[in-house]
Amino acid sequence: MQTTLKIGTRGSPLALAQAHETRTRLMAAHGLPEEAFEIAVISTSGDRIQDRPLSEAGGKGLFTKEIEEAMLAGRIDIAVHSSKDMPTVLPEGLELCAFLPREDARDAFIGRAAKTIAELPRGARVGSSSLRRQALIRRMRPDLEVVMFRGNVQTRLRKLDEGVANGTILAYAGLKRLGLEHVVTDLMSLEKFPPAPGQGAICIESRIGDAEVERMLAAIHDAPTGQALACERAFLAALDGSCRTPIAGHATISGDKLSFAGLIIAPDGAQSHEVRLDGPARDAARIGTEAAREVRAKAGESFFEGWA
């Protein structure tokens with residue numbers, strides 16, 4: 001490359017860690033020095049809005065809007081995101097063209113009053129801003145008080161220390177990328193506490209038709225992660241998933257086979273419906289779409305009424 005590749009990212013410690021990982025992989029893949037890459041920090045609406053749930057403020061796109069505008073304007077060349085933050089519909093002219101190898105997709109519980117959710121005293125407060133996590137907590141322990149918990153990882157850990165809640169749940173992948181595994185008191189199983197679609201995977205967004213960027217990113221793209229995410233994002237898209245809908249989904253790849261498990265759950269945790277489908281990894285998106293149709297048929301349209 002003759003010019004610097006500009007990498008857009010949010011400014012949180014986790015977002016920066018993900019951008020640095022992307023840069024490191026690109027440097028290694030292409031034998032380029034660090035100076036060949038510029039990391040541009042862009043403040044997003046999702047970062048600035050801290051006083052209410054994202055489901056009330058506009059959903060997942062609040063974490064990507066300003067970054068995508070910068071890319072369409074040519075101020076950055078690529079954007080690094082947490083896949084679970086990405087809307088299923090992207091702005092015209094942009095695409096997700098690479099995924100890094102997926103980290104552990106499980107959720108992690110960080111407790112102050114107890115080490116596990118099961119051991120929390122009745123009426124204890126658990127903080128989370130995710131409707132999926134809130135619903136799963138309520139399914140496990142209807143007696144607990146679930147409180148809204150916004151902010152980056154460090155902010156949420158500080159709120160725990162301040163006694164705002166007795167525990168919280170964060171993505172284990174993010175804690176590992178920040179070197180904070182030691183704060184985890186319990187790891188939630190994928191079966192009992194299924195993750196958000198895309199959880200644990202870093203995705204890279206670029207302009208469609210930018211051949212040089214596509215060539216560079218192809219060298220760091222992890223195909224199995226891309227297949228798994230194609231399935232999970234198709235599941236989410238077919239259910240019209242957003243921050244307003246408690247949906248879980250996780251695909252695993254073994255050779256040329258894909259296994260998918262999905263779940264929809266009412267916000268109060270009282271009702272849920274699960275689906276499992278297997279098939280060829282090459283049919284990842286079709287499997288995700290079929291799984292969504294199957295679980296929607298099980299639940300019935302009335303199940304979704306009032307979610308938004």
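Let me start with one strand pair: β4 and strand β10, residues 202-207, run antiparallel and are joined by five bridges. Within that pair, F99 stands opposite C203 in β10. Before I go on, please keep in mind that this is a predicted model.

Those two strands belong to an open sheet of five strands, with the order β2-β1-β3-β10-β4 and mixed pairing. At the edges are β2, residues 37-41, and β4, residues 94-99, and each of them pairs on one side only. From one strand to the next, the twist averages 30°. As a reminder, strands of a sheet pair through backbone hydrogen bonds, either parallel or antiparallel.

A helix goes with this sheet. Helix α1, residues 13-30, lies across β1 (5-9), β2, β3 (78-82) and β10. Its direction runs at about 165° to β2.

Now to another sheet. This one is also open, has five strands, and its order is β7-β6-β8-β5-β9, again with mixed pairing. Why is one side of β7 and of β9 left without a neighbour in the sheet? β7 (145-147) and β9 (186-187) stand at the edges and each has a single partner strand, so one side of each stays free of a sheet neighbour.

Further in, strand β6, residues 125-127, pairs with strand β8, residues 167-171, in the parallel sense over two bridges. There, V126 stands opposite G167 in β8. Helix α5, residues 131-140, packs on the sheet and touches β5 (107-111), β6, β7 and β8. The direction of α5 makes about 130° with that of β8. Helix α6, residues 153-161, packs on the sheet as well, touching β5 and β8, and its direction makes about 165° with that of β8.

Next, the charged pairs. Side chains of opposite charge can pair when their charged atoms come close. How many salt bridges does a search of the whole structure find? The search finds 20. One of interest here joins the side chains of R132 and D107, at 2.9 Å from N to O. This pair links distant parts of the chain, with R132 in helix α5 and D107 in strand β5, 25 residues apart.

Last, a pocket. The second largest pocket has a volume of about 280 Å³. Its lining has 17 residues, and L190, H250, F260, A261 and R276 lie nearest its centre. Which strands each supply at least two residues of that lining? β11 (247-254), β12 (257-265) and β13 (272-280) do. By class, the lining has nine nonpolar, four polar and four charged residues.

Notes: Residues numbered from 1 in each chain as written. Predicted model: local features only at pLDDT ≥ 70, side-chain atom pairs only at ≥ 80, totals over all residues. Heavy atoms only, no water. 1 Å grid on protein atoms, 1.4 Å probe; cavity = no way out; pocket = protein on both sides within 12 Å on 5 of 7 lines; lining within 4 Å. Points joined across faces, edges and corners; volume = space filled by probe spheres on them. Helix = DSSP H or I, 4+ residues; strand = E, 2+ residues; numbered from the N terminus. Nonpolar A, V, L, I, M, F, W, Y, C, P; charged D, E, K, R; others polar. Pairing = 2+ DSSP bridges. Contact = heavy atoms within 4.5 Å. Axes fitted to C-alpha atoms, helices over the stretch in contact; angles between N-to-C directions. Salt bridge = Lys/Arg side-chain N within 4 Å of Asp/Glu carboxyl O.
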